[in-house]
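Trainee: Got a minute to go through a model with me? I'd like to start with one contact and work outwards.

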Amino acid sequence: MSAAEAVRGRLVRRGDADYEEARIGRVFNARKPDRYPAAILEVADADDVVAGVRLAIEHGWDVSVRSGGHSWAAWSVRDDALLLDLGSLRSIEYDDATGIVAAGPATMGALELAPFLAERGRAFPGGHCATVGIGGYLLQGGQGWNGRAQGWACESVVAVDVVTADGEHVRADAGQNADLYWAARGAGPGFPGIVTRFHLQTYALPEAMWHDTWTFRLDDAEAVIGWLHRVLPTLDRRVEPVMAATRLPDVPLYDGVEHPGGTVLLLHATCMAGSEEEARNLLAGLGDCPVAGRELGRATGPTTVADESIAQTAQNPEGYRYAVDCAWTDAPAEVLAPLLLDIWRELDTEHSFSIWYGWAPARALPDMAFSIEGNVYVATYLIYPDAADDGMYRERVHSRTAAIARAGGVGVYLGDTDFTARQDRFLSPEHYARLEEIRARRDPAGRISGYLTADREGLNIHA
Ligand SMILES: Cc1cc2nc3c(=O)[nH]c(=O)nc-3n(C[C@H](O)[C@H](O)[C@H](O)COP(=O)(O)OP(=O)(O)OC[C@H]3O[C@@H](n4cnc5c(N)ncnc54)[C@H](O)[C@@H]3O)c2cc1C
């Protein structure tokens, strides 16, 4: 049987009627790439991934991969490659004895995995946005709910089922194929294989999730950032403080206070704890705000991952074009605040937003590829409808973020990058070198497409 005959999923070739839909229909960002795969295989099941890799070998094609389709830069869409679309791999199985859940890579973390686990009294740190696929999310790290306490979601990956670049289906964990297991936790699109299933350690569902949300004027940004930098290292890790410069009108406002129009600051702190009282007490760490009294509104109360996902979806609507960049920074508040204000004052569309996400204090990471983080994560999402604005918004987001990177930046989180426009370090130099060795050994022909970059030599360099 030829490799093409062994394939059971739908194979769509360039020139076929459904080619465009298969190429970009599942790419979240409406700014679709001008890259054209030789063919797309919508795999029928995990074994079909093996057949797909053999088909690619037979044709001399590279292999690119799509799970949830949420990469901002559409890493899955590569010229002349065979795109393996894993959209059908969404089974979820839970083992009560071990608390381990096995899930297909296209499973949506908040929309599918979280409710499945909640019914069983369990939880896993899925992405903040409901529809992100766990495939790309876990491979690059995974910044999920309760991340300051629970760590990167990939720290809870106990094993992966992988189709290697030569078409073998293997299990990788701490005891077997340990190099692939190490790489699967942080390599992102540089992972030299295709994950067909993740085995994830789950946790007891927290008894309570609570939020404390403040709305400030942009004019108070410097004071609020200064206070957050002071208080962050003392906050219990179960408190997750995120400040967003947002233009959404639906923010907490006191009775009689009018939305000033345009951009406001939304400080949204969430906390998962053993009881509501404990959550409230932990959030009290944010109680001594120096500009308290100047806020436009404040709301505090119970919340759920499902409610939070609805809010995230409102902020990240489908059908829009996105230009996105990020930086980890150790810069002090007085250096960072003016640079953030440069971005925040320029936000000019309904949905565009930009976040300050408190991550400190530093903690030791387990031995895995993922290896760069800083005190604060900043990311900017410029969201707009019109293709004519691509150039302007891309230039703006990458040049403004580059200024932050130059002033105390320590690198980037792969999840919010576009290396065709701006590159920075995403792994420590030692881990990058180790990953390159693993890639050279596991995929000597370079069949798996890997990082999408404008400058391969400049990859992982922090200027
Ligand atoms: C609206 C939105 C919200 C987001 N929120 C968060 C968030 O809260 N936290 C966070 O950490 N990130 C977040 N992200 C970023 C997101 O996690 C990354 O873009 C991630 O890569 C998406 O995974 P995916 O499987 O959906 O993407 P895809 O585009 O399908 O995959 C991205 C790339 O990862 C690799 N890959 C994916 N699956 C596999 C696999 N099974 N085997 C081998 N390689 C694979 C491939 O190189 C692929 O091209 C968000 C993105 C969007 C669009």
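Trainee: Which residue forms a salt bridge with D45?

Mentor: R8 does, and the closest N and O atoms of the pair are 2.7 Å apart. The two belong to distant parts of the chain, 37 residues apart. D45 sits in the loop between β2 (39-42) and α3 (46-59), and R8 in the loop between α1 (3-6) and β1 (10-13). Helices (H or I, at least four residues) and strands (E, at least two) are DSSP runs, numbered from the N terminus. A salt bridge here is a side-chain nitrogen of Lys or Arg within 4 Å of a carboxyl oxygen of Asp or Glu.

Trainee: What should I know about the source?

Mentor: This is a predicted model, where local features need pLDDT of at least 70 and side-chain atom pairs count only at pLDDT 80 or more, while totals for chains, interfaces and linings use all residues. Residues are numbered from 1 along each chain as its sequence is written, and side-chain values use heavy atoms, with hydrogens and water left out.

Trainee: How many salt bridges in the whole structure?

Mentor: The search finds 30.

Trainee: And how many across the interface of domain 1 and domain 3?

Mentor: The rule finds 0 there. There are, however, 5 residue pairs in polar contact between domain 1 and domain 3, both residues at pLDDT 80 or more. A polar contact is a pair of N or O atoms within 3.5 Å; within protein, one must be able to donate a hydrogen and the other to accept it, and residues adjacent in sequence count only if both atoms are side-chain atoms.

Trainee: Where are the domain bounds?

Mentor: Domain 1 is 3-85, domain 2 is 92-205 and domain 3 is 208-416. The bounds come from an automatic or database domain assignment.

Trainee: What area is buried between domain 1 and domain 3?

Mentor: About 880 Å², with carbon and sulfur atoms giving 61% of it. That is the accessible area (1.4 Å probe) that two parts lose on being put together, summed over both.

Trainee: Which residues of domain 1 lose the most area to domain 3?

Mentor: F28, R31 and W72, together 71% of what that side buries. In contacts (heavy atoms within 4.5 Å), 6 residues of domain 1 meet 16 of domain 3.

Trainee: Switching to R425. Where is it?

Mentor: R425 is in the loop between β19 (409-411) and α13 (429-442). Leaving out residues up to four places away in sequence, R425 touches I372, V410, G411, V412, N460, I461 and H462. A polar atom of the R425 side chain lies 2.9 Å from the backbone oxygen of V410.

Trainee: Last bit, backbone oddities. Which peptide bond is cis?

Mentor: The one from A360 to P361, with omega near 0°. P361 is in the loop between β17 (353-358) and β18 (376-384). A74 is worth a look too: A74 is not a glycine, yet has a positive phi of about 55°.
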